[in-house]
Amino acid sequence: MPTARFYLAINPTTIFIIGHQKPATSLIFAPHQFIQSLMIETVKSVIHNFNAGPSVLPKEVFEEASEAILDFNHTGLSILEIGHRTNLFEPVMAEARSLVKELMQLDDDHEVLFLHGGATTQFMQVPMNLLNENELASYTDTGTWASKAIKEAKLFGHVEVAGSTKETNYTSIPKNLAVSPTAAYLHITTNETIAGTQWKKIPYDCGVPLVADMSSDILSRVLDFNKFDIIYAGAQKNMGAAGVNLVVINKNILGKVNRTIPSILDYRNHIKEGSMMNTPPVFAVYVAMLTLRWLKKEGGVAAIEKLNNAKAALLYQTLDSLPIFKPVVAKEDRSYMNVVFVMDDPALEKEFLERCKQEGMIGVKGHRSVGGFRASLYNALKLESVIALTDLMKDFANKKG
Ligand SMILES: Cc1ncc(COP(=O)(O)O)c(C=O)c1O
């Protein structure tokens, strides 16, 4: 039988088969390297991405976004080279904003903005717009992200902590909040990405305007979104690529502070300008719009919530049934987005992590402040990925238990 000979070219991320012609000698591979490279390709195609963010997005979003970089809407232009105040981009912004309104069933008082700066900018932009220097804002302290929000709010006014679980290492959500009726607002972090906790019962009846950082569970479950006065979320988990923030605002809450707000940080200006006060992060907004379109096609928030519940139930049930793994969060407060667990033996943890790597599972290592493991189950993660992880856990426990 004649031997087929292929030549391969490689760059740091991709291996190409470039045919039967002999290329420059530095690019030639030996046959065993060819087989190895094919194996790399195979592993690549079954990657299960449990990253905490930026994280997995639907494949069709990647495909459409790549196409738009080369040829946006058959214009012959890249989306990266079109003006934002054109009839090419304006419909993208309009559709992204209107999809958020539709998916969250927002009323006319709630405005939708796509802003720069990551959720971290909102830690200061919220108090700058809502809290006078001599006033009080109420915050819940549920972990790393809530603490950062509290720190920034203190730059603008007084802060009370209405509930905290710091003393128990943030392994639960505070109950029985003590919110001052005079507080300008109550701030909660609906899902603590690092601690792995999630508010299941939202304090809608707190008696003051409600503000939420929803960065890691935005559009993952049905909530009464109109009962929030501000919702903000970095896009890079459930909603698209890094580089843009979703901010939903009840416009009636604005205009009550007496400080001078720099124009670019004043929500009222962004509302007035239709979220186009300056050049928006065009590509990140486009990816968010594609992801929102995908979510609508999948059946919307209620449908994705069902799938998210099924994924989380499978993973938590598996964890609870295998004594080798220990979920760290109180059962009723477990996050359905970020599942945090540990093992008693650090050597076994290392071994398990290695097995995950071999089986194409990435992003399972826990955050450095908690240790152990964290599997993030965002909207675009398929049930098959959770099945693969739980099968691996069962096999590992069988062998080691
Ligand atoms: C709950 C939460 N809030 C805020 C942030 C900060 O987001 P950004 O990096 O977009 O500023 C994160 C990042 O992971 C987060 O998980």
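A polar contact, as I use the term today, is a pair of N or O atoms within 3.5 Å. Keep that cut-off in mind for the ligand. One caution before we start: this is a predicted model.

Let's go straight to the contacts. Thr193 comes first in my list. An N or O atom in the Thr193 side chain sits 2.4 Å from an oxygen atom of the ligand. That pair is within 3.5 Å, so it counts as a polar contact. Next, Lys237. One of its polar side-chain atoms is 2.8 Å from a ligand oxygen. Then Gln236. Here the separation between a side-chain N or O atom and an oxygen of the ligand is 2.9 Å. As for cover, the ligand on its own has 400 Å² of accessible area, and the protein covers 85% of that.

Now the shell. How many residues surround the ligand? There are 13. The closest are Thr120, Thr193, Asp213, Gln236 and Lys237. By class, the shell has eight polar residues, three nonpolar and two charged. Which element gives the largest share of that shell? It is α4, with four residues.

So where does the ligand sit? It takes up the space of the second largest pocket. The volume of that pocket is about 330 Å³. Its lining has 22 residues, and the closest to the pocket centre are Trp145, Thr193, Ser215, Gln236 and Lys237. Two elements give two or more residues to this lining: α4, residues 118–130, and α5, residues 144–153. The largest share again comes from α4, at four residues. Sorted by class, the lining holds twelve polar residues, five nonpolar and five charged.

Put the pieces side by side. Thr193, Gln236 and Lys237 are listed among the residues closest to the ligand. These three are also listed among those closest to the pocket centre.

Last topic: the backbone. Most residues other than glycine have a negative phi, and most peptide bonds are trans. Two places here are worth a look on your screens. The first is the peptide bond between Gly53 and Pro54, which is cis, with omega at about -5 degrees. Pro54 belongs to the loop that runs between β3, residues 48–49, and α2, residues 59–70. The second is Gln105. Its phi is positive, near 50 degrees, and it is not a glycine. Look for Gln105 in the loop between α3, residues 90–103, and β4, residues 110–115.

Key. Residues are numbered from 1 along each chain as its sequence is written. This is a predicted model: local features need pLDDT of at least 70, side-chain atom pairs count only at pLDDT 80 or more; totals for chains, interfaces and linings use all residues. Side-chain values use heavy atoms; hydrogens and water are left out. On a 1 Å grid over the protein atoms alone, a cavity is a set of points where a 1.4 Å probe fits but cannot get out, and a pocket is an open set with protein on both sides within 12 Å along at least five of seven lines; lining residues have an atom within 4 Å of a point. Grid points are joined across faces, edges and corners, and a volume is the space filled by probe spheres set on the points. Ala, Val, Leu, Ile, Met, Phe, Trp, Tyr, Cys and Pro count as nonpolar, Asp, Glu, Lys and Arg as charged, and the others, Gly among them, as polar. A residue is near a molecule or strand if one of its heavy atoms lies within 4 Å of it. A polar contact is a pair of N or O atoms within 3.5 Å; within protein, one must be able to donate a hydrogen and the other to accept it, and residues adjacent in sequence count only if both atoms are side-chain atoms. Accessible areas come from the Shrake-Rupley method with a 1.4 Å probe; for residues, only the protein chains shown count as cover. A molecule sits in a cavity or pocket if more than half of its atoms lie within 2 Å of its grid points.
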